[in-house]
Amino acid sequence: MKRIISEQMTGFLVSAITYSSLFYINAWLTAHLEYGLGVNWVYLPAGLRLFLTLIFGLSGAVGIAIVSFLICYFGNFPPDLTTCIGVGLISGFSPYLAKLFVASNIKISPDLSDLSLPKLTVCILIYAALSAGLHQWWFAVRSLDETGSLNHFVVMFVGDVLGTVLLIALIKYSLDFLKTSRAA
């Protein structure tokens, strides 16, 4: 029991810290690629959201949701509690919902040992569609200026897919580099 709580707390903390860090790094690196409020042509944290929820599950989703709420509330969004709670929930749980959908319909094992490129591609596309769709729907419901359109959805979808692919490629090549440097 103690071990399970420790693993969940680790997942929560790792998710919260890494997601918030990459969010601000991405904001700094890609400020010129911002399309609108909460919409970017390349969004690296999207890949981290998916990666963290694939690894840590619910505790990763909760960590991302809480940090997303805080980033929203103290960031560029209007400091409206309801809007920011919705953004946090969508940010944390859209990758988790994608994971559940893919795991139950495409049969991915809980330890991800059979996660192939085609399965990962489906997971990325489902996650990006869920995230962009739910975010833009929420922005429209909350009547945020210059949000909620089909154009915003498309840009957010593309940004989430590109960010996820770039981040996964960066992780893969970093791991490959570490393997070769250790072998030498």
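How many nonpolar, polar and charged residues does the lining of the second largest pocket have, by class? The count is 13 nonpolar, 2 polar and 1 charged residues. The legends below describe a predicted model, beginning with the overall fold and then turning to its pockets and to single residues.

**Figure 1. Overall view of the predicted protein chain, which has 6 helices and 2 strands.** Read along the sequence, the elements follow the pattern α-β-β-α-α-α-α-α. The C-alpha trace spans about 50 × 40 × 35 Å along its principal axes. The radius of gyration of the protein chain is 16 Å, which agrees with the value near 16 Å that a compact globule of 184 residues would have. Of the 184 residues, 40% are buried. Among contacts with a separation of 6 or more, 71% are made by residues 24 or more positions apart.

**Figure 2. Close-up of the largest pocket, which holds about 540 Å³ of space.** The lining of this pocket consists of 27 residues, and those closest to its centre are Phe-23, Gly-38, Tyr-43, Ile-71 and Phe-77. Two or more lining residues come from each of helix 1 (2–29), strand 2 (39–40), helix 3 (58–74), helix 4 (81–107), helix 5 (117–141) and helix 6 (150–183). Helix 1 provides the largest share of the lining, with 5 residues. Sorted by class, the lining of the largest pocket has 14 nonpolar, 10 polar and 3 charged residues.

**Figure 3. Close-up of the second largest pocket, with about 390 Å³ of space.** There are 16 residues in the lining of this pocket, and Phe-51, Leu-115, Leu-120, Ile-168 and Ile-171 lie nearest its centre. Helix 2 (44–56), helix 5 and helix 6 are the elements that each give two or more residues to the lining. Helix 6 gives the most, with 6 residues. As the opening answer stated, the lining of the second largest pocket has 13 nonpolar residues, beside 2 polar and 1 charged.

**Figure 4. Close-up of Phe-23 in helix 1.** Phe-23 belongs to the residues closest to the centre of the largest pocket. Is Phe-23 buried, partly exposed or exposed? Phe-23 has a relative accessible area of 21% and therefore counts as partly exposed, because buried means under 20%. Apart from its neighbours within four places in sequence, Phe-23 is in contact with Tyr-43, Pro-45 and Ile-71. Two of these partners, Tyr-43 and Ile-71, are also listed with Phe-23 among the residues closest to the centre of the largest pocket. Trp-137 is 114 residues from Phe-23 along the chain, and 22 Å separates their C-alpha atoms.

**Figure 5. Close-up of Gly-88 and Ser-94 in helix 4.** Gly-88 is buried, with a relative accessible area of 1%. When residues up to four places away in sequence are not counted, Gly-88 touches Ala-65, Ser-68 and Phe-69. The C-alpha atoms of Gly-88 and Val-161 are 19 Å apart, and these two residues are separated by 73 residues along the chain. Ser-94 is also buried, and its relative accessible area is 1%. With its neighbours within four places in sequence left aside, the contacts of Ser-94 are Leu-89, Tyr-127, Leu-130, Ser-131 and Leu-134.

**Figure 6. Close-up of Ser-143 in the loop between helix 5 and helix 6.** Most residues other than glycine have a negative phi. Ser-143 is not a glycine, yet its phi is positive, at about 55°. The relative accessibility of Ser-143 is 57%, so this residue counts as exposed, because exposed means over 50%.

**Figure 7. Close-up of the cysteines Cys-84 and Cys-123.** A disulfide is a covalent bond between the sulfur atoms of two cysteines. How many disulfides does a search of the whole structure find? The search finds 0 disulfides. Cys-84 has a relative accessible area of 0% and is therefore buried. Cys-123, at 1% relative accessibility, counts as buried as well.

Conventions. Residues are numbered from 1 along each chain as its sequence is written. This is a predicted model: local features need pLDDT of at least 70, side-chain atom pairs count only at pLDDT 80 or more; totals for chains, interfaces and linings use all residues. Side-chain values use heavy atoms; hydrogens and water are left out. On a 1 Å grid over the protein atoms alone, a cavity is a set of points where a 1.4 Å probe fits but cannot get out, and a pocket is an open set with protein on both sides within 12 Å along at least five of seven lines; lining residues have an atom within 4 Å of a point. Grid points are joined across faces, edges and corners, and a volume is the space filled by probe spheres set on the points. Helices (H or I, at least four residues) and strands (E, at least two) are DSSP runs, numbered from the N terminus. Ala, Val, Leu, Ile, Met, Phe, Trp, Tyr, Cys and Pro count as nonpolar, Asp, Glu, Lys and Arg as charged, and the others, Gly among them, as polar. A disulfide is a pair of cysteine sulfur atoms within 2.5 Å. Buried means under 20% relative accessible area, exposed over 50%, partly exposed in between (1.4 Å probe, protein chains only). The radius of gyration is taken over C-alpha atoms; the globule rule is 2.2 Å times the number of residues to the power 0.38. Contact means heavy atoms within 4.5 Å.
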